[in-house]
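User: I would like to learn how to read a protein model, one feature at a time. Could we work through an example together?

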Amino acid sequence: MEKDLLTGDNDGSGVFTIPRHPVRRRLHGVERFATTRGGEYFFLPSLSALRWLADLGA
């Protein structure tokens, strides 16, 4: 099973496949993009995204 490039716990031993037509591409030895601490993954939207979300209910 392949690991997600952005949120997976990549240790450099995994494989990630990019579906392309006509031939797919496989990446080997992908390093870690994100570091998790304490088992949490933190996402913070931008101020413009927060304003947009706030305006949805109005």
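User: Which residues does T17 touch, not counting residues up to four places away in sequence?

Analyst: Keep in mind that this is a predicted model. A contact here means heavy atoms within 4.5 Å. By that rule T17 touches E2, R24, R25 and R26, with residues up to four places away in sequence left out.

User: Where is T17 found?

Analyst: T17 is found in strand β1, which covers residues 15-18. In a regular strand, side chains alternate between the two faces of the sheet.

User: What stands opposite T17 in β2?

Analyst: R26 stands opposite T17 in β2. The side chains of T17 and R26 also make a polar contact, at 3.4 Å.

User: How do strands β1 and β2 pair, and over how many bridges?

Analyst: β1 and β2 pair in the antiparallel sense, over four bridges. A hairpin of six residues joins β1 to β2.

User: Is T17 buried or exposed?

Analyst: The term depends on a cut-off: buried means under 20% relative accessible area, and exposed means over 50%. T17 has 17% relative accessibility, so T17 counts as buried.

User: Now for a loop. Where does V30 lie?

Analyst: V30 lies in the loop between β2 (25-28) and α1 (47-56). E31 lies in the loop between β2 and α1 as well.

User: Why does V30 count as buried, and why is E31 exposed?

Analyst: Apply the cut-offs again. V30 counts as buried because its relative accessibility is 14%. E31 is exposed because its relative accessible area is 62%.

User: How far apart in space are V30 and G14, C-alpha to C-alpha?

Analyst: Separation along the chain and distance in space are two separate readings. V30 and G14 are 16 residues apart in sequence, and their C-alpha atoms are 6.5 Å apart. For E31 and G14, 17 residues apart along the chain, the C-alpha separation is 8.7 Å.

User: What pattern does the chain follow along the sequence?

Analyst: The pattern is β-β-α, made of two strands and one helix.

User: How much of the chain counts as buried, and what area does the chain expose?

Analyst: Of the 58 residues of the chain, 9% count as buried. The exposed area is about 5,500 Å², of which carbon and sulfur atoms supply 56%.

User: What share of the contacts with a separation of 6 or more comes from residues 24 or more positions apart?

Analyst: Residues 24 or more positions apart account for 13% of those contacts in the chain.

Key:
Residues are numbered from 1 along each chain as its sequence is written. This is a predicted model: local features need pLDDT of at least 70, side-chain atom pairs count only at pLDDT 80 or more; totals for chains, interfaces and linings use all residues. Side-chain values use heavy atoms; hydrogens and water are left out. Buried means under 20% relative accessible area, exposed over 50%, partly exposed in between (1.4 Å probe, protein chains only). Accessible areas come from the Shrake-Rupley method with a 1.4 Å probe; for residues, only the protein chains shown count as cover. Two strands pair if DSSP finds at least two bridges between them. A polar contact is a pair of N or O atoms within 3.5 Å; within protein, one must be able to donate a hydrogen and the other to accept it, and residues adjacent in sequence count only if both atoms are side-chain atoms.
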